[in-house]
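Please consider the protein shown below. A series of questions and replies then follows.

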Amino acid sequence: MTTSDGGGPPETYGFLRVPSLPVLDLTMRIGDHFLASGMSANDVVVQMLRVIHAYGLSDVHVDLTYTSISVTHYRGPTKAPLTVTRIVQPLLVDYTKVRDLDVLLARIEDGLGVEEAVEAYEAISHADQPYPHWVAALGSGGIAAGATLSFSTSWELVGISFLSGLTMDRLMTWLHKRRLPPFFSQAVVAGLMTMIAGLVAYLGRIGWGPFEDLDPTLIVVGGIVMLLAGVMIVGAVQDAIDQFYVTATARMLEVMMRTAGIVAGILVALSALEAWGGGFRIVNTSDSAAPLWAQYAGAGLIALSFAVYSFSDLGTIALTTSVALVGWSFYVALAEAGFGEVSANTVGALVVGFCATIIVRTTHAPGFGMESGGILPLVPGLALLNGLMQMVQEGGGNPAIVAGGKTLFTGVLVAFGIAAGATLGTYFGRPVNEQVRRFRRQVKAAGRVIVRPPQR
């Protein structure tokens with residue numbers, strides 16, 4: 001691009017294929033969608049720079065927080081910098097649209113014009129979900145059922161957990177439409193989950209048919225895993241490691257508030273059940289009584305259900321389930337070899353992060369979505385619940401409080417180990433990822449070479 005200052009000689013700085021404002025607008029809209037879908041801040045910046053570089057812009061700075069994105073373009077010494085800011089809009093997570101956006105980025109890098117790219121983005125952002133909302137709602141019930149199946153093969157208990165999860169999802173949707181803050185939404189839904197578990201315990205005590213000998217603790221655990229499915233702890237830890245501290249702090253605070261809401265809801269519901277004479281004891285164990293096949297089935301069902309809940313396409317659903325089972329296999333192998341819970345879960349999450357990062361460049365499936373679904377079976381829902389209940393259900397001075405604090409601290413360490421492991425797996429996978437991308441570019445470049453036959 002050339003600029004002129006009065007009658008002096010023109011000054012050249014950089015080369016722009018298109019005007020910068022349309023490119024910056026498109027870039028920010030794509031970054032907004034990725035950030036609101038849960039992608040880490042560093043990956044969002046990388047994706048935005050792919051668009052900027054594809055259209056020949058240079059000297060562009062991208063800055064983002066949890067709620068806003070700013071892009072500044074230095075247009076040379078004779079013009080004021082162009083700065084555009086966009087507020088991140090909350091949206092319904094749809095991994096099919098995330099995949100389509102990644103395909104769009106590849107098309108942009110292959111030479112798609114900016115006007116055509118804007119039209120393609122509009123088509124993607126306004127497209128309907130790949131299947132009805134009631135199908136996605138079944139995924140929330142499947143997450144709770146899968147968590148229960150990992151600990152028990154009682155089909156009555158698995159079925160109750162499924163229906164509980166489905167009911168909780170409908171209530172969460174209703175509360176969200178009424179703009180109730182997430183802390184209170186989590187508390188209300190967790191309270192309902194605990195009330196359902198209390199009802200099952202009461203029906204079992206009076207000897208009513210299929211409710212006898214059922215452990216209501218696992219209903220609560222299934223609900224905890226379902227409520228934690230939308231908590232972006234991996235993104236928070238990855239942002240902190242990538243030095244996006246503002247975004248990491250905001251995401252971590254959101255994780256803490258949502259988790260605190262779950263805890264508050266459970267405690268209030270338990271207190272109410274005790275006052276009404278329908279209380280039940282949380283079983284203090286972290287060992288699964290289910291056979292190994294049920295644990296694998298539960299892990300696969302959790303990951304599959306999460307992918308369905310997030311409006312993933314069939315390919316992403318299959319890949320997420322496969323990645324979760326691979327990570328779970330490493331966790332089981334290390335746990336049986338005598339490694340501690342923290343180490344086994346961390347390695348399992350590392351494998352999930354590595355596999356998801358490798359897969360994303362060959363399939364355009366959302367890597368961070370596969371990570372979230374793949375590590376969900378590792379979430380220490382029962383350990384967190386055990387530690388909390390040990391601390392609050394015992395009188396002051398009781399040694400069980402100390403044991404409860406230890407159990408709770410171990411659960412927290414496992415959670416952070418999972419997040420750190422997934423992030424580390426992503427870092428290990430990125431170099432391989434870049435090699436795959438470079439190889440694909442070479443193949444495309446070779447395919448464009450036309451060898452003409454000699455003229456006769």
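The exchange below treats the overall make-up, the sheet, a loop and the salt bridges.

Me: What kind of model is this, and how are its residues numbered?
Reply: This is a predicted model, in which local features need pLDDT of at least 70, side-chain atom pairs count only at pLDDT 80 or more, and totals for chains, interfaces and linings use all residues. Side-chain values use heavy atoms, with hydrogens and water left out, and residues are numbered along each chain as its sequence is written, from 1.

Me: How many helices and strands are there in the protein?
Reply: Helices (H or I, at least four residues) and strands (E, at least two) are DSSP runs, numbered from the N terminus. By that criterion the protein has five strands and 16 helices.

Me: What share of the residues in the protein is buried?
Reply: A residue is buried under 20% relative accessible area, exposed over 50%, and partly exposed in between (1.4 Å probe, protein chains only). Of the 456 residues in the protein, the buried share is 50%.

Me: What share of the exposed area do carbon and sulfur atoms supply?
Reply: Accessible areas come from the Shrake-Rupley method with a 1.4 Å probe, and for residues only the protein chains shown count as cover. The protein exposes about 21,200 Å², and the share from carbon and sulfur atoms is 64%.

Me: In what order do the three strands of the open sheet lie?
Reply: Two strands pair if DSSP finds at least two bridges between them. Strands β3 (60-64) and β5 (82-87) are edge strands, each pairing on one side only. The pairing is antiparallel, and the order is β3-β4-β5.

Me: How many bridges join β4 to β5?
Reply: Strand β4 covers residues 68-73 and runs antiparallel to β5. Within these strands, Ile69 stands opposite Arg86 in β5. The number of bridges joining β4 to β5 is six.

Me: Which residue in β4 stands opposite His61?
Reply: A hairpin through three residues joins β3 to β4. These two strands pair in the antiparallel sense over five bridges. Opposite His61 stands Thr72.

Me: Which residues form the uncovered face of β3?
Reply: The covered face of β3 consists of Val60, Val62 and Leu64. The uncovered face consists of His61 and Asp63.

Me: What angle does helix α2 make with β3?
Reply: Axes are lines fitted to C-alpha atoms, for helices over the stretch in contact (heavy atoms within 4.5 Å), and angles run from 0 to 180 degrees between N-to-C directions. Helix α2, residues 41-54, lies across β3 and β4. Its angle to β3 is about 150°.

Me: Where does Gly111 lie, and is it buried or partly exposed?
Reply: Gly111 is found in the loop between α3 (95-109) and α4 (114-125). Its C-alpha is 8.3 Å from that of Tyr55, although the two are 56 residues apart in sequence. Because its relative accessible area is 44%, Gly111 counts as partly exposed.

Me: How many salt bridges does the rule give?
Reply: Side chains of opposite charge can pair when their charged atoms come close. A salt bridge is counted when a side-chain nitrogen of Lys or Arg is within 4 Å of a carboxyl oxygen of Asp or Glu. By this rule, the count is ten.

Me: How far apart in sequence are the parts that Arg29 and Glu122 tie together?
Reply: The side chains of Arg29 and Glu122 meet in a salt bridge at 2.1 Å, N to O. Arg29 lies in helix α1 and Glu122 in helix α4, so the parts tied together are separated in sequence by 93 residues.

Me: Is Asp32, the salt-bridge partner of Arg86, buried or exposed?
Reply: The closest N and O atoms of Arg86 and Asp32 are 2.8 Å apart. This pair links strand β5, which holds Arg86, to helix α1, which holds Asp32, across 54 residues. Arg86 is partly exposed at 28% relative accessible area. With a relative accessible area of 4%, Asp32 is buried.

Me: Which residue forms a salt bridge with Arg99?
Reply: Arg99, in helix α3, is partly exposed, with a relative accessible area of 21%. Its partner lies in the loop between α11 (292-309) and α12 (314-336), so the pair ties together parts 214 residues apart in sequence. The closest N and O atoms are 3.4 Å apart, and the partner is Asp313.
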